[in-house]
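Work through the exercises below with the structure open beside you, and try each task before reading its solution.

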Amino acid sequence: MFPFGHRKYSKLGTVKTKKRIMYKLSLYTIPQQKFRYVEPEIGHLEQGVTTLRKLAEPYTTWCQQTSHSAVENVQGAIGQVKPKVESAIQLGNETFTFLQNPPAEFYPRAGVIGFAGILGLFLARGSRVKKLIYPTGLMAVGYTMYYPQQAASIAKNTGDSLYDFALQGYVNVEKVFKSVEAKPMKKEKPEENKPEETR
């Protein structure tokens, strides 16, 4: 049906026009109805889902707590590692720029120090201790010949850190011995002479 009207043909062929009034066909008028909320009945599926949710709730909360703590641990680890990685990247960039334009006689000095390390490996046949001490010792000697100021500062810093480490070890050993002395020793009771049973 068209809202503007329609034509009706009679048996004789004459056209009758009916016009409908627009307000009678309005789409916006709503008939008055009284609605009332009806609680839907709980079916077997909904009961099963509710039971499943109640049973799974402790496990889901545990999973959420575990995932939150794992995320916090990872963020903490990233917070600790990130500055070290950034400093390593900075050191790499500085080394690259230094090697792009090195000072005079840098490569011959580095060659002599490297050759001293290889010579130390050649001379250190046998024990593993020799293989550790000879190359590092010869490289340190070569380094001190070419860079005496830096070698002196490294030796001073290394000496201070070794002294602090030894002092800390001494304090820890002292604590252990004091804690052993502070504990009272239990005296064992001598066994009383029990009369032997006769058979």
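**Exercise 1.** In this predicted model, find the residue whose side chain meets that of Asp160 in a salt bridge, and state how far apart the two residues are along their helix.

*Solution.* Begin with the contact itself: the side chains of Asp160 and Lys156 meet in a salt bridge, with 3.7 Å from N to O, and this falls within the 4 Å that the assignment requires. Next, place the two residues in helix 4, which spans residues 148-182, where Asp160 and Lys156 are four residues apart and therefore separated by about one helical turn. Finally, look at their surroundings: Lys156 is exposed, with a relative accessible area of 56%, whereas Asp160 is partly exposed at 39%.

**Exercise 2.** Decide which residue forms a salt bridge with Glu105, and then find the ring over whose face Arg109 lies.

*Solution.* The structure holds two salt bridges, and one of them joins Glu105 to Arg109, the closest N and O atoms being 3.8 Å apart. Glu105 counts as exposed at 52% relative accessibility, while Arg109 is partly exposed, with a relative accessible area of 24%. Turning to the ring, Arg109 lies over the face of Tyr147, at 5.5 Å from the ring centre. A further arginine is placed over a ring as well, for the charged end of Arg125 sits over Phe122, 4.8 Å from the centre of that ring.

**Exercise 3.** Classify the aromatic pair of Phe98 and Phe106, and then the pair of Tyr143 and Tyr147, as stacked, tilted or edge-to-face.

*Solution.* There are three aromatic pairs in the structure. For Phe98 and Phe106, the ring centres are 5.1 Å apart and the planes stand at 90 degrees, so this pair is edge-to-face. For Tyr143 and Tyr147, the centres are 5.2 Å apart and the planes lie at 40 degrees, so this pair is tilted. As a last step, note that Phe98 and Phe106 form one aromatic cluster together with Tyr107, and that Phe98 is partly exposed, with a relative accessible area of 36%.

**Exercise 4.** Describe the order of the helices and strands, and state what share of the residues counts as buried.

*Solution.* First count the elements, which are four helices and two strands, and then read them from the N terminus, where the order is β-β-α-α-α-α. Of the 199 residues of the protein, 5% count as buried. The accessible surface comes to about 19,900 Å², of which 63% belongs to carbon and sulfur atoms.

Key. Residues are numbered from 1 along each chain as its sequence is written. This is a predicted model: local features need pLDDT of at least 70, side-chain atom pairs count only at pLDDT 80 or more; totals for chains, interfaces and linings use all residues. Side-chain values use heavy atoms; hydrogens and water are left out. Rings of Phe, Tyr and Trp (its six-membered ring) pair if their centres lie within 6.5 Å; planes under 30 degrees apart count as stacked, over 60 as edge-to-face and the rest as tilted. Buried means under 20% relative accessible area, exposed over 50%, partly exposed in between (1.4 Å probe, protein chains only). A charge sits over a ring if NZ of Lys or CZ of Arg is within 6 Å of the ring centre and within 35 degrees of the ring normal. Accessible areas come from the Shrake-Rupley method with a 1.4 Å probe; for residues, only the protein chains shown count as cover.
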